[in-house]
Amino acid sequence: MNQTYQKSCIEHRHQVMKEIRQFKSEIVRMLRATENHKLGNIRIEMPCADYPVLTSTGGREHLATIRNEITMAGYDVFFTYTESGDVSFSVDWRMVVNNQ
């Protein structure tokens, strides 16, 4: 029983890390796109089917960590949670640039 629990915990951690890597790479890819950079903001939809752990109630802690990392890089970050469980993630750098 204990081995099954430990295996489940390890699998969960791997799933969390996989989703975090996938989401961060999507953010970086969108930030590097010159057509997006001219807009001054991007919006990334996180469907719960693609990110089951990060969009769950327990995943909000991980999203807050990602948010803090991006905020420390100089961006404004906003989350919007939908009733269906999806998360909309917005990154804006227009106000940050204007205030400096």
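Reader: Is Cys-48 buried, exposed or partly exposed in this model?
Author: This is a predicted model, so keep that in mind as we go. Burial is judged by relative accessible area, where under 20% is buried and over 50% is exposed. Cys-48 comes out at 32%, which makes this cysteine partly exposed.

Reader: What about Cys-9, and how many disulfides does the structure hold?
Author: Cys-9 has a relative accessible area of 27%, so it is partly exposed. In general, a disulfide is a covalent bond between the sulfur atoms of two cysteines. To count here, two cysteine sulfur atoms have to be within 2.5 Å. The number of disulfides in this structure is zero.

Reader: Let's step back. In what order do the helices and strands run along the chain?
Author: The chain has four helices and three strands. Its C-alpha atoms fill a box of roughly 55 × 25 × 20 Å along the principal axes. Starting at the N terminus, the order of elements is α-α-β-α-β-β-α.

Reader: How far does α1 reach from its first C-alpha to its last?
Author: Helix α1 has 31 residues. At 1.5 Å a residue, 45 Å is expected, and the model comes close to that. The reach of α1 is 45 Å.

Reader: Which elements are included in what covers the buried residues of α1?
Author: First, the buried residues themselves: they are Val-16, Glu-19, Ile-20, Phe-23, Ile-27, Met-30 and Leu-31. Now for the cover over them. It includes α2 (34–39), β1, α3 and β3.

Reader: Which element gives the most to the largest nonpolar core?
Author: In soluble globular proteins, nonpolar side chains tend to be buried together. The largest core here has 21 residues, and Phe-23, Ile-27, Ile-66 and Phe-89 touch the most other members. Two or more residues each come from α1 (2–32), β1 (41–46), α3 (60–72), β2 (76–81) and β3 (87–92). With six residues, the top contributor is α1.

Reader: Which residues does Ile-27 touch, leaving out those up to four places away in sequence?
Author: Ile-27 is one of the buried residues of α1, and it is also among the core members with the most contacts to other members. Leaving out its sequence neighbours up to four places away, its partners are Ile-42, Ile-44, Ile-66, Ile-70 and Phe-89.

Reader: Ile-42 is on that list. How far apart are the C-alpha atoms of Ile-42 and Asp-92?
Author: Ile-42 sits in strand β1, and at 4% relative accessibility it counts as buried. Its contacts beyond four places in sequence include Phe-89, Ser-90, Val-91 and Trp-93. Asp-92 is 50 residues away along the chain, yet the two C-alpha atoms are separated by 6.5 Å.

Reader: What share of the contacts with a separation of 6 or more comes from residues 24 or more positions apart?
Author: That question is about the whole chain, beyond the single pair we just looked at. Among contacts with a separation of 6 or more, residues 24 or more positions apart account for 53%.

Reader: Over what arc around the axis do the buried residues of α3 lie?
Author: The buried residues of α3 are Leu-63, Ile-66 and Ile-70. They are on the same side of α3, because the arc they cover is only 60 degrees.

Reader: Which exposed residues sit on the face of α3 turned away from its buried side?
Author: On the buried side, the cover includes α1, β1, β2 and β3. The face turned away from that side carries the exposed residues Glu-61 and Met-72.

Reader: Now for charges. How far apart are the closest N and O atoms of Lys-7 and Glu-11?
Author: Side chains of opposite charge can pair when their charged atoms come close. Lys-7 and Glu-11 are four residues apart in α1, so about one helical turn separates them. Lys-7 is exposed at 51%, while Glu-11 is partly exposed at 45%. They form a salt bridge, with the closest N and O atoms 4.0 Å apart.

Reader: Which residue forms a salt bridge with Arg-94?
Author: The structure holds four salt bridges, including one between Glu-45 and Arg-43 at 3.2 Å. Arg-94 is partly exposed, at 40% relative accessible area. Its partner counts as buried, at 11%. With the closest N and O atoms 2.7 Å apart, that partner is Asp-92.

Key. Residues numbered from 1 in each chain as written. Predicted model: local features only at pLDDT ≥ 70, side-chain atom pairs only at ≥ 80, totals over all residues. Heavy atoms only, no water. Core = buried A, V, L, I, M, F, W, Y, C linked by side-chain atoms within 4.5 Å. Buried < 20%, exposed > 50% of the residue type's maximum accessible area, 1.4 Å probe, protein only. Contact = heavy atoms within 4.5 Å. Salt bridge = Lys/Arg side-chain N within 4 Å of Asp/Glu carboxyl O. Arc of directions from axis to C-beta. Expected span 1.5 Å × (residues − 1).
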